[in-house]
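Please open the model in a viewer and keep the sequence at hand. The tour proceeds by selection, from side-chain contacts to charged pairs.

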Amino acid sequence: MTDAHIFQLFGLVYTAAGLGGLLTKTGYLQNLLEDFSKSPALLYLSGMMAVVVGFLLVTFHNDWVLDWTVIITVFGWIALIKGLLLMALQGMYAKIFESMRKRTTFLKGYSVLVLILGIFFLVLGFWVV
């Protein structure tokens, strides 16, 4: 898998998530976060998935260089650390998600940020890297 492929995958996932957050009703996002924060199994499995993705990125792409591809390394480390924390500190994350759920303006703003990041990754993946 090349750097371009990784950016394309990140771009597709982030763009879809951002659009989903903007195109659905805020109540849907609130329900999603509520269900997520109340499910220890889902929190744990999400942490495991983040650990796997982060570990793979860190293992196969731990390149600290001065170009766009360092973003992949940074996201790999973030995913690995976040996954470990999700598995170990579920209660803390449940409180964070519950707090986010109550802020409708934050949810829409976060969706915009995720969409912009997704488009940025798509540009990197298809035209820059």
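Begin by selecting Met100 in this predicted model. Beyond its neighbours within four places in sequence, Met100 is in contact with Leu33, Phe106 and Leu107.

Next, extend the selection to Leu29, Leu33, Phe36, Leu43, Leu86, Tyr93, Ala94, Phe97, Met100 and Leu107, the ten residues that form the largest nonpolar core. Two or more residues of this core come from each of helix 2 (26-37) and helix 5 (90-101). The greatest contribution is that of helix 5, with four residues. Another core, of eight residues, lies apart from this one; to locate it, select Phe7, Phe10, Ile72 and Leu124, which are among its members.

Turn now to the charged side chains. How many salt bridges does a search of the whole structure find? The search returns two.

For one of them, select Arg101 and Glu98, whose closest N and O atoms are 2.7 Å apart. Both residues belong to helix 5 and are three residues apart, about one turn of the helix. Is Arg101 buried or exposed? Arg101 counts as buried, because its relative accessibility is 19% and the cut-off for buried is under 20%. Glu98, by contrast, is partly exposed, with a relative accessible area of 21%.

Finally, select Glu34 and Lys38, whose side chains form a salt bridge with an N to O distance of 3.0 Å. Here Glu34 is partly exposed at a relative accessible area of 23%, whereas Lys38 is exposed at 58%.

Methods:
Residues numbered from 1 in each chain as written. Predicted model: local features only at pLDDT ≥ 70, side-chain atom pairs only at ≥ 80, totals over all residues. Heavy atoms only, no water. Core = buried A, V, L, I, M, F, W, Y, C linked by side-chain atoms within 4.5 Å. Buried < 20%, exposed > 50% of the residue type's maximum accessible area, 1.4 Å probe, protein only. Contact = heavy atoms within 4.5 Å. Salt bridge = Lys/Arg side-chain N within 4 Å of Asp/Glu carboxyl O.
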